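Subject: Handing over a structure

Dear colleague,

I am passing on the structure below, and after it you will find an account of what turned up when it was examined. Please keep it open while you read.

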Amino acid sequence: MTPRHPHDLPARPTAAARATLLAGTIRALAVGAALGGVLFGAAAPATAAAPGAVAPPAAVRAAEPGTVTVTGSGRAAAAPDLAVISVAVEAGRKTAKEAMGAQNTASKALVAALHAQGVADRDIRTENLSLTPVYTQTAGGESKVTGYQAGQIFSVKVRDIDRTGQVIGAANDATGDAGRVNGVVFDVSDPTALRATAREAAHRDAHDKAAQHAELSGRRLGRLVSLTEGESVRPAQGAAPAASADGGASVPLAPGEIEEHVTVTAVYELL
């Protein structure tokens with residue numbers, strides 16, 4: 001291996017050159033540190049503001065919508081297709097056994113007459129059965145049992161309401177003096193459609209009221225927030241007066257119409 005000549009080796013920097021190089025490096029580091037401080041200082045305010053961001057002024061915030069609460073009412077009416085007759089039989093005798101026997105005989109005659117009029121067993125129901133002692137006050141002021149009163153009350157559905165009067169007449173004829181017709185109430189066998197019509201009317205009524213309130217307030221009607229329906233109410237139907245045992249073969253009746261009432265409570269937004 002050929003030795004290198006001393007002139008081929010790189011010359012070592014002088015002390016002055018080394019000092020100049022060191023000073024340049026120190027200045028470069030100082031400038032970098034200063035720039036880094038500026039950059040970090042500019043980012044600090046944004047970082048500090050993030051956790052506690054200031055809310056926008058009230059003027060630019062959208063106002064929350066108000067609400068209005070209204071009650072809507074709906075009504076629907078239809079002709080009845082069902083009659084419910086309350087028929088009672090009663091018998092008074094000296095003993096309880098005799099009273100119950102007479103009541104049983106009258107009840108069987110009533111049920112047979114109802115069957116003859118086309119009333120099905122499912123439409124005949126016993127509402128009440130009773131046997132009570134009859135007391136008489138003696139001259140000495142004491143109460144003494146002198147007999148027994150037996151009775152039974154039937155609820156009878158007549159699905160062909162045009163025959164209601166004939167059914168009542170037949171019941172009177174079959175039971176004689178032991179029978180009593182307490183009354184008759186007309187109804188609809190399935191109130192679903194009637195109730196749905198009343199509900200639609202109640203909903204429209206609530207919406208119309210809310211729209212009027214919005215207009216009067218200078219606002220616009222917004223979305224429906226909540227809706228609550230009250231219990232459906234059917235006004236009580238008047239019962240026909242009680243018919244006596246000699247009421248005749250057919251009793252004239254006036255079915256009229258059946259009403260269904262529905263109420264709803266609605267909450268709407270006001271924009």
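A residue is called buried when its relative accessible area is under 20%, exposed when that area is over 50%, and partly exposed in between. By this rule lysine 209, at 32% relative accessibility, counts as partly exposed, and so does aspartate 205, at 23%. Please keep in mind that everything described here comes from a predicted model.

These two residues make a convenient starting point, since the side chains of aspartate 205 and lysine 209 meet in a salt bridge with an N to O distance of 3.3 Å. Because they are four residues apart in helix H4, about one helical turn separates aspartate 205 from lysine 209. In general, an α-helix has 3.6 residues a turn, so residues three or four places apart point the same way.

Helix H4 itself covers residues 192-216 and packs on a sheet, where it touches S1, S6 and S7. Its 25 residues should span 36 Å at 1.5 Å a residue, and this agrees with its end C-alpha atoms, which are 36 Å apart. The buried residues of H4 are Leu194, Ala198, Ala201, Ala202, Ala206, Ala210 and Ala214, and they pack against S1, S6 and S7. After H4 comes glycine 218, which has a positive phi, near 70°.

The sheet beneath this description is an open one of three strands, in the order S1-S7-S6 and with antiparallel pairing. Strand S1 (66-78) and strand S6 (221-229) are its edge strands, each of which pairs on one side only, and the twist from one strand to the next averages 30°. Between S1 and strand S7 (residues 258-270), which run antiparallel, there are 13 bridges; one example is alanine 78, whose bridge partner in S7 is isoleucine 258.

Helix H2 (residues 96-116) can be read in a similar way. It has 21 residues and reaches 30 Å from its first C-alpha to its last, close to the 30 Å expected at 1.5 Å a residue. Its buried residues are Ala99, Ala102, Gln103, Ala106, Ser107, Leu110, Ala113 and Leu114. Seen down the axis of H2, these buried residues fall within an arc of 135°, so they line one face of the helix. On the other side of H2, Lys97, Thr105, Lys108 and Ala116 are exposed. The buried residues pack against strand S2 (82-93), strand S3 (124-137), strand S4 (143-158) and helix H3 (164-175), and just after H2, glycine 118 takes a positive phi of about 90°.

Finally, how many salt bridges does a search of the whole structure find? The search finds nine. One of them joins the side chains of glutamate 257 and arginine 75, at 3.3 Å from N to O. Glutamate 257 lies in the loop between S6 and S7 and arginine 75 in strand S1, so this pair ties together parts that are 182 residues apart in sequence. Both are partly exposed, glutamate 257 with a relative accessible area of 42% and arginine 75 with one of 45%. Another salt bridge brings together the side chains of glutamate 90 and arginine 180, at 2.9 Å from N to O. Since glutamate 90 lies in strand S2 and arginine 180 in strand S5 (residues 179-187), the pair ties together parts that are 90 residues apart in sequence.

With best wishes

Note on methods
Residues are numbered from 1 along each chain as its sequence is written. This is a predicted model: local features need pLDDT of at least 70, side-chain atom pairs count only at pLDDT 80 or more; totals for chains, interfaces and linings use all residues. Side-chain values use heavy atoms; hydrogens and water are left out. Two strands pair if DSSP finds at least two bridges between them. Helices (H or I, at least four residues) and strands (E, at least two) are DSSP runs, numbered from the N terminus. Axes are lines fitted to C-alpha atoms, for helices over the stretch in contact, and angles run from 0 to 180 degrees between N-to-C directions. Contact means heavy atoms within 4.5 Å. The expected span of a helix is 1.5 Å times one less than its number of residues. Buried means under 20% relative accessible area, exposed over 50%, partly exposed in between (1.4 Å probe, protein chains only). The arc is that of the directions from the helix axis to the C-beta atoms. A salt bridge is a side-chain nitrogen of Lys or Arg within 4 Å of a carboxyl oxygen of Asp or Glu.
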